[in-house]
Amino acid sequence: MSRPDENEPAVDPVASPADAALGVDALTRTFGEVVAVDDVSLGVPEGELRAIIGPNGAGKTTLFNCIMGTLSPTEGEVYLSGTAITDEPEERRPHMGMARSFQSNQLFTDQTVLENIRVVVQTTQQGAFSLDLFRSHYDVGRERAIQIAEVVGLTGDLEAEAKNLPHGEQRRLGIAMALATDPDVLLLDEPTSGMSPGATTQTAELIEEIHDERGLTVVLIEHDMDVVLSISDRITVLDRGNVIATGPPDAVRENQAVQDAYLGGMREEL
Ligand SMILES: Nc1ncnc2c1ncn2[C@@H]1O[C@H](COP(=O)(O)OP(=O)(O)OP(=O)(O)O)[C@@H](O)[C@H]1O
Ligand SMILES: [Mg+2]
């Protein structure tokens, strides 16, 4: 039972989905009998850093897959800056200002760090440099890739093959590849998973920096509660496909429904 409390986080979408930088409205996704995402509505205002947390299997990645068009929702809509994009093909979404990094890295493992980033820069900016008569797309893409590598702290590894990078750097390369599309809305699926505590702190700082400096809207799926509580503007808690709370970190941490959902799981971390 929830205790009445003026800090109690509302189970509401915060911003109307159609008015937000990123919104989902009444979104459901089933897999046979499994309702992975169950009538979820949320709106992430422009420039917010929103964490999505919840126990394993809560539907977090499925929600991202529906937002990015990797999966079609069974029902409901996805909005980007007020425009319904639910039926836009996945390949179009990076061109519309959305990018994601994956829970499991999706790198070109035999390619160098530089090439991994450059390829993404080039595929999303094709045609953007058609008036630049003096420099090839390759050069422009390369320069931009080097800048992005610098943002995520990979300048020293530009010529390293992705498969030879330590795990933490592979995760940061995944973030770099998402940034390479120059998004307005960035979705990160467990960017610190498998990292040492030191690398986790560094990555949290990196995410905060990217968010603050670029004014990006960031949606972050994250299991590390220290990271979530320290860098989020608001937290949305999913449990068995449902939003059970949305609010600022302190209010979410104190929320009884959230504590109940985590009983036996990550409650101690909260
Ligand atoms: N492609 C799929 N086919 C069938 N069932 C799926 C598929 N993807 C996800 N599911 C199921 O949907 C539910 C939600 O899974 P999802 O991966 O979205 O959870 P999650 O919150 O990201 O979990 P985790 O914290 O472990 O990453 C689970 O029951 C999962 O088994
Ligand atoms: Mg997941």
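Analyst: A residue is near a molecule if its C-beta atom, placed from the backbone, lies within 6 Å of it. This cut-off is used below for ligand 1 in what is a predicted model.

User: What makes a residue one of those around ligand 1, and which residues are they?

Analyst: The test is the distance of 6 Å from the C-beta atom, and the residues around ligand 1 are Phe31, Val34, Ala36, Gly54, Asn56, Gly57, Ala58, Gly59, Lys60, Thr61, Thr62 and Gln103. The elements that give two or more residues to this shell are strand S2 (34-44) and H1, and H1 gives the most, with 3 residues.

User: How many residues of the shell around ligand 1 are nonpolar, polar and charged?

Analyst: Gly counts as polar and Lys as charged, whereas Ala, Val and Phe count as nonpolar, and on this basis the shell divides into 4 nonpolar, 7 polar and 1 charged.

User: Why are S2 and S5 said to stand at the edges?

Analyst: Two strands pair if DSSP finds at least two bridges between them. An open sheet of 4 strands has the order S2-S1-S4-S5, with antiparallel pairing. S2 and strand S5 (83-84) each have a single partner strand, so one side of each is left without a neighbour in the sheet.

User: How do you know that S4 and S5 pair, and in which sense do they run?

Analyst: The definition asks for at least two bridges, and strand S4 (residues 75-80) is joined to S5 by 2 bridges, the two strands running antiparallel. Within S5, Thr83 is the residue that stands opposite Leu80.

User: What is the order of the strands in the open sheet of 6 strands, and which are its edge strands?

Analyst: The order is S6-S7-S8-S3-S9-S10, and the pairing is mixed. Strand S6 (98-101) and strand S10 (242-247) are the edge strands, since each pairs on one side only. From one strand to the next, the twist averages 15°. Strand S3 (residues 49-53) and strand S8 (residues 217-221) are joined by 4 bridges in the parallel sense, and Ile52 has Ile221 in S8 as its bridge partner.

User: Which helices pack on that sheet, and which strands do they touch?

Analyst: Helix H1 (residues 60-68) touches S3, S6, strand S7 (185-189), S8 and strand S9 (234-239), and its direction makes about 150° with that of S7. Helix H4 (residues 167-179) touches S6 and S7, with a direction at about 170° to that of S6. H1 also lies across strand S1 (22-31), S2 and S4, running at about 65° to S2.

Notes:
Residues are numbered from 1 along each chain as its sequence is written. Chains are lettered from A and ligands numbered from 1 in the order in which they are written. This is a predicted model: local features need pLDDT of at least 70, side-chain atom pairs count only at pLDDT 80 or more; totals for chains, interfaces and linings use all residues. Axes are lines fitted to C-alpha atoms, for helices over the stretch in contact, and angles run from 0 to 180 degrees between N-to-C directions. Two residues are in contact if their C-beta atoms, placed from the backbone, lie within 7 Å.
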